Amino acid sequence: MSIDLQFDRQHLWHPYTSMANPLPVYPVKSATGVWLQLDDGRVLVDGTSSWWAAIHGYNHPQLNAAVTNQLQQMSHVMFGGITHAPAVELGKLLLQLVPPALQHIFYADSGSIAVEVALKMALQYQLARGHSGKTQMLSLRKAYHGDTFATMALCDPVDGMHAMFQRQLTSHVFAQAPQRAFDDVWQHSDGQALRDIFQQHHTQLAAFVLEPVLQGAGGMRLYHPEYLRLARELCDQYDVLLICDEIATGFGRTGKLFALEHAGIIPDIMCLGKALSGGYITLAATLCTKAVADGISSGAVGALMHGPTYMANPLACAVACASLKIIQTGAWQMQVQQIEQQLQQLKRLTQYPAVKAVRVLGAVGIVEMQSNINVAKAQALMVARGVWIRPFGNLFYLMPPYIIEEAELSQLIAALEFIVQQDVLHQAQALPGA
């Protein structure tokens with residue numbers, strides 16, 4: 001059955017785009033491995049893992065079987081007053097992977113909601129301990145934590161994609177984005193601005209929320225792991241909770257199972273999503289330490305005040321179990337290492353005047369351009385070369401499925417090198433979103 005693109009254009013609102021003048025969309029009929037098959041029969045190598053989620057590729061037999069088998073039992077039941085085997089099994093698998101101090105799991109239905117839950121945890125924890133003045137969060141410039149209102153308030157209030165909503169958002173404290181690059185030599189002075197922020201604002205801070213090592217949709221910035229270690233020390237010193245948003249970085253993407261492992265720290269709260277279910281069904285989780293859970297439970301309310309309708313959906317939990325079992329085999333480590341090695345080829349793109357910088361870590365390759373990208377033109381050129389790469393702002397990035405083969409990744413790299421030589425810059429307004 002063909003896809004009615006006219007109906008799509010007239011009635012379906014796609015992410016971060018206009019209904020009056022929408023960007024072109026490309027109809028996908030099926031997906032297998034790292035390949036997207038279009039309605040007209042063309043196939044594209046997917047360089048984005050469907051927004052970083054489909055780490056094992058598409059139409060994976062183990063993941064398909066998990067969904068199919070669970071469907072024979074039940075597709076959904078409420079989690080209020082009910083539990084089920086997929087939720088319990090997933091919890092056991094998660095606790096085998098995350099830092100041991102994280103012992104309590106709250107299932108959510110999207111990454112944004114996982115962060116919202118983390119904020120509620122932090123606020124309820126501080127309130128239960130009598131710290132009624134600790135109501136603000138510390139976040140970073142260039143941060144991105146989601147599109148719901150509480151998470152928009154954590155995104156960069158000046159340069160972020162949600163700046164237009166600032167008058168409607170809760171006011172928080174923002175620190176300068178980390179300036180020291182991931183592989184640079186850390187200087188003590190690099191952390192002074194953060195030390196000053198804590199000294200000045202600690203009495204009002206409930207938690208410090210950050211994306212470990214890789215700031216994602218706020219600018220694809222890689223920063224030094226020592227910044228994370230300093231953040232952990234300052235949170236301990238000033239009685240502020242540390243929340244690590246691992247939604248984009250979790251499950252191997254940066255070369256470690258979780259990006260916080262680059263610094264060897266343990267957060268008080270951690271948010272997971274995207275790759276948690278292998279890119280099959282939306283699912284997220286917020287994990288916390290026993291101290292946080294006990295603190296919330298000892299408060300006047302005595303319960304964490306949140307409960308999504310589709311929380312711990314059995315289908316999502318079942319496929320997440322299958323995805324984590326693949327992770328547990330350890331094959332991802334060699335896959336990501338090989339991807340990282342091949343992505344180093346992107347560094348030759350700095351020879352082109354339109355390219356500002358290239359950054360690589362794990363299965364992440366980032367090409368920063370000198371100015372904003374004409375997204376429609378760039379994507380048309382990429383599709384013509386048999387690849388799917390979705391730029392935003394002045395950034396191209398590659399985050400392919402871990403199963404990608406050398407020849408397929410070579411095709412993505414070659415296409416990207418071709419594109420940066422074309423006249424695809426100078427779009428008047430950047431397309432927001434990753």
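**View 1. Strands S2 and S3 are joined by three bridges and run antiparallel.** Welcome to the first close-up of this predicted model. Among the residues to look for here is Leu-36, which stands opposite Leu-44 in S3. The two strands belong to an open sheet of four, in the order S1-S2-S3-S15, and the pairing in that sheet is mixed. Its edge strands are S1 (28-32) and S15, each of which pairs on one side only. Strands of a sheet pair through backbone hydrogen bonds, and the pairing can be parallel or antiparallel.

**View 2. Helix H12 (residues 375-384) is shown with its buried residues.** These are Val-375, Ala-378, Gln-379, Met-382 and Val-383. They lie on the same side of H12, because they cover an arc of only 130° around the axis. What covers them includes strands S2 (35-38) and S3 (43-46), which you met in the previous view. The cover also includes strand S15 (387-388), strand S16 (395-398) and helix H13 (406-420). Follow the chain just past H12 and you come to Gly-386, which takes a positive phi of about 80°.

**View 3. Strand S16 is joined to S14 by four bridges, and the two run antiparallel.** Within this pairing, Val-367 has Phe-396 in S16 as its bridge partner. Phe-396 and Leu-398 point one way from S16, while Leu-395 and Tyr-397 point the other way, and all are buried. S16 is also one of the elements that cover the buried residues of H12.

**View 4. Glu-368 and Lys-356 form a salt bridge, with their closest N and O atoms 3.7 Å apart.** Glu-368 is in strand S14 (residues 364-369) and Lys-356 in strand S13 (residues 355-361), so this pair links distant parts of the chain, twelve residues apart. The partners sit in contrasting surroundings: Glu-368 is buried, at a relative accessible area of 14%, whereas Lys-356 is exposed, at 51%.

**View 5. Lys-325 and Glu-89 bring their side chains together in a salt bridge of 2.7 Å, N to O.** Lys-325 lies in helix H10 (residues 314-328) and Glu-89 in helix H4 (residues 85-97), so the pair ties together parts that are 236 residues apart in sequence. Lys-325 is partly exposed, with a relative accessible area of 39%. Glu-89 is also partly exposed, with a value of 31%. Side chains of opposite charge can pair when their charged atoms come close.

**View 6. Asp-268 and Arg-232 form a salt bridge, and their closest N and O atoms are 3.0 Å apart.** Here the link is between a loop and a helix: Asp-268 is in the loop between strand S10 (241-245) and strand S11 (269-272), and Arg-232 is in helix H8 (residues 225-238), 36 residues apart. Asp-268 is buried, with a relative accessible area of 14%. Arg-232 counts as buried too, at 12% relative accessibility.

**View 7. Arg-180, Asp-184 and Asp-190 are linked in a network of salt bridges.** To set this close-up in context, a search of the whole structure finds 13 salt bridges.

**View 8. Ile-3, Leu-5 and Val-25 form a nonpolar patch on the surface.** Together these residues have about 190 Å² of accessible area. Leu-5 is found in helix H1 (residues 5-11). Leu-5 is partly exposed, with a relative accessible area of 35%.

**View 9. His-60 is found in the loop between helix H2 (49-52) and H3.** His-60 is buried, with a relative accessible area of 15%. Leaving aside residues up to four places away in sequence, His-60 touches Tyr-280 and Ile-326.

**View 10. Gly-80 has its place in the loop between helix H3 (61-71) and H4.** Gly-80 is partly exposed, with a relative accessible area of 47%. Look for Pro-308 in this view as well: Gly-80 and Pro-308 are 228 residues apart in sequence and 9.5 Å apart in space, C-alpha to C-alpha. H4 will be familiar from the view of Lys-325 and Glu-89, since Glu-89 lies in that helix.

Conventions. Residues numbered from 1 in each chain as written. Predicted model: local features only at pLDDT ≥ 70, side-chain atom pairs only at ≥ 80, totals over all residues. Heavy atoms only, no water. Buried < 20%, exposed > 50% of the residue type's maximum accessible area, 1.4 Å probe, protein only. Arc of directions from axis to C-beta. Contact = heavy atoms within 4.5 Å. Pairing = 2+ DSSP bridges. Patch = residues over 30% accessible without salt bridge, like charges linked within 9 Å, V, L, I, M, F, W, Y side chains within 5 Å. Areas by Shrake-Rupley, 256 points an atom, 1.4 Å probe, with all protein chains shown as cover. Salt bridge = Lys/Arg side-chain N within 4 Å of Asp/Glu carboxyl O.
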